[in-house]
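Q: Could you take me through one part of this structure up close? I'd like to follow how it is put together and what surrounds it.

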Amino acid sequence: MVEILRPTFTAPTVEALPKREDILAGIQLVAFDVDGTLTEHHGQLEESVKTALNELGARGLNMCIISNAYGDRADSLREMLGDPFDMPVFTPKSVALLGERPSKHRKPSPAMLLHAAKVHGVSLTGVLMVGDQIAKDVVSANRAGAKSLLLPRRGKGDDLKVRIFQRPPEALVRMALGIRFG
Ligand SMILES: [Mg+2]
């Protein structure tokens, strides 16, 4: 049971990823969470993160966004990231069939990752999900059969619900699994 919570890799920042050959070996598609991972909560992309994305793109890696965001935030992600990085943004709405509730495809569902792998024509063992939450990003990757990279949350902001109900158990799980970001 506990294995579903265990990230494949950890790193201290997203900026460290382009230099981590150990993590990138065999990876064809890097799927990023946004809030708390690429940006602070509902923040903008910082220059250092843009540089890291450019470096990953220059290696020929496919990249995409897998976000539980909806509405305005999803649209602003498309504006912020669709160009110049050529990263498709997948949200629960992207994978919902007609008449289906998109919310059932939110992470920790593997649906968005399975869809992204198919769209990019890569196998799931070549997919790396990068995110800041075990209960969402890591579990969705493990369910999909993809790899995962857990990062510490970027910035201090959070949804109230996440701060109260999700961060404290995440900290306990990290402790129980002996996860460090160093
Ligand atoms: Mg996040």
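**The sheet and its edges**

A: Among contacts in the chain (C-beta atoms, placed from the backbone, within 7 Å) between residues at least 6 apart in sequence, 64% join residues at least 24 apart. Keep in mind that this is a predicted model: local features need pLDDT of at least 70, side-chain atom pairs count only at pLDDT 80 or more, and totals for chains, interfaces and linings use all residues. Residue numbers start from 1 along each chain as its sequence is written.

The chain has 7 helices and 6 strands, which are DSSP runs numbered from the N terminus (H or I, at least four residues, for helices; E, at least two, for strands). Going along the sequence, you meet them as β-α-β-α-β-α-β-α-α-β-α-β-α.

Now for the sheet. It's an open one of 6 strands, lined up as β1-β6-β5-β2-β3-β4, with parallel pairing. The edges belong to β1 (9-10) and β4 (89-90), and each has a single partner strand, so one side of each has no neighbour in the sheet.

Zoom in on the β1 edge. Here β1 runs parallel to β6 (residues 147-150), and 2 bridges join them; strands pair if DSSP finds at least two bridges between them. One bridge to look for: F9 has L149 in β6 as its partner.

At the other edge, β4 covers 89-90, and I65 is in contact with V89 and F90. Setting aside neighbours within four places in sequence, I65 also touches F32, V34, L77, L81 and M87.

Zooming back out, the C-alpha atoms of the chain fill a box of roughly 40 × 40 × 30 Å along the principal axes.

Notes
Contact = placed C-beta atoms within 7 Å.
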